[in-house]
Every structure is written in structure tokens, then in C-alpha cells.
Amino acid sequence: MEKVMMKFAGMTCPSCLTKIEKAVDNLDGTDQIKVMFNAGKLKFTMDPDKVKAVDVKAAIEKMGYEVQGIKEKELN
């Protein structure tokens with residue numbers, strides 16, 4: 001498992017938060033999804049054998065949000 005944090009722009013309301021959480025949750029291999037509205041950040045864990053950070057980035061950008069950075073950390 002890996003812990004991932006993404007910084008993004010374009011969230012304008014709390015319903016954006018819900019849309020992002022649902023989109024990431026629908027990807028196989030993601031878990032513990034948390035969107036921080038005021039910080040413009042998304043934190044989640046993922047199974048790198050099932051999903052890649054770039055897949056999550058693509059899902060977010062497909063909804064019209066701009067991903068500005070990705071940090072990945074392997075969990076032991």
C-alpha cells in the first residue's frame with residue numbers, strides 16, 4: 001500500500017468535495033479517501049498493483065480540476 005497526497009485547484013464548493021471523494025472511491029484499489037476543502041488537498045491510500053496515482057489524477061482532471069502536485073509514500 002502507498003499513501004498519496006495530491007494538491008489541486010478548482011474546488012469551489014462543498015459539493016466538489018463529495019464529487020472528488022466518490023470518483024476516487026470508485027477506482028479499484030483506493031481506500032481511506034479524505035478531501036480537505038480549504039487546503040485543496042486529497043489524501044488516500046492505494047494498492048499500486050491495482051491503481052496508479054496517475055489514474056487518480058486523470059479521474060480528477062476529467063472532472064475539471066487541476067492537479068498541481070502528487071506525493072507518494074510507501075507504507076510498510
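Colleague: Which residues form the positive surface patch?
Modeller: That patch is made up of Lys3, Lys34, Lys43 and Lys73. Keep in mind that this is a predicted model.

Colleague: Where does Lys73 sit?
Modeller: Lys73 belongs to strand β4, which covers residues 66-74.

Colleague: And is Lys73 buried or exposed?
Modeller: Lys73 is exposed, at a relative accessible area of 58%.

Colleague: What comes after β4?
Modeller: There's a segment there that includes Asn76. Asn76 is exposed, and its relative accessible area is 96%.

Colleague: How far apart are Asn76 and Ala58?
Modeller: In space, 26 Å from C-alpha to C-alpha; along the sequence, 18 residues.

Colleague: Switching topic: how many salt bridges does the structure hold?
Modeller: Just one. Glu61 and Lys57 make a salt bridge through their side chains, with 3.7 Å from N to O.

Colleague: Why are Glu61 and Lys57 about one helical turn apart?
Modeller: Because they are four residues apart in helix α2, which runs over residues 53-62.

Colleague: What about exposure for that pair?
Modeller: Glu61 is partly exposed, with a relative accessible area of 33%. Lys57 is partly exposed too, and its value is 28%.

Colleague: Last thing: what does UniProt list for residues 2-68?
Modeller: The unreviewed UniProt entry lists them as "domain: HMA".

Colleague: How much of that span is helix, and how much is strand?
Modeller: Residues 2-68 are 33% helix and 36% strand. The C-alpha atoms at the two ends of the span lie 19 Å apart.

Key. Residues are numbered from 1 along each chain as its sequence is written. This is a predicted model: local features need pLDDT of at least 70, side-chain atom pairs count only at pLDDT 80 or more; totals for chains, interfaces and linings use all residues. Side-chain values use heavy atoms; hydrogens and water are left out. Patches are made of residues with over 30% relative accessible area and no salt bridge: like charges are joined within 9 Å, nonpolar side chains (Val, Leu, Ile, Met, Phe, Trp, Tyr) within 5 Å. Accessible areas come from the Shrake-Rupley method with a 1.4 Å probe; for residues, only the protein chains shown count as cover. A salt bridge is a side-chain nitrogen of Lys or Arg within 4 Å of a carboxyl oxygen of Asp or Glu. Lys and Arg count as positive and Asp and Glu as negative; His and the chain ends are not counted. The place of a charge is taken as NZ of Lys, CZ of Arg, CG of Asp or CD of Glu. Buried means under 20% relative accessible area, exposed over 50%, partly exposed in between (1.4 Å probe, protein chains only). UniProt positions are given in the numbering used here, feature names are shortened, and annotations may be inferred rather than shown by experiment.
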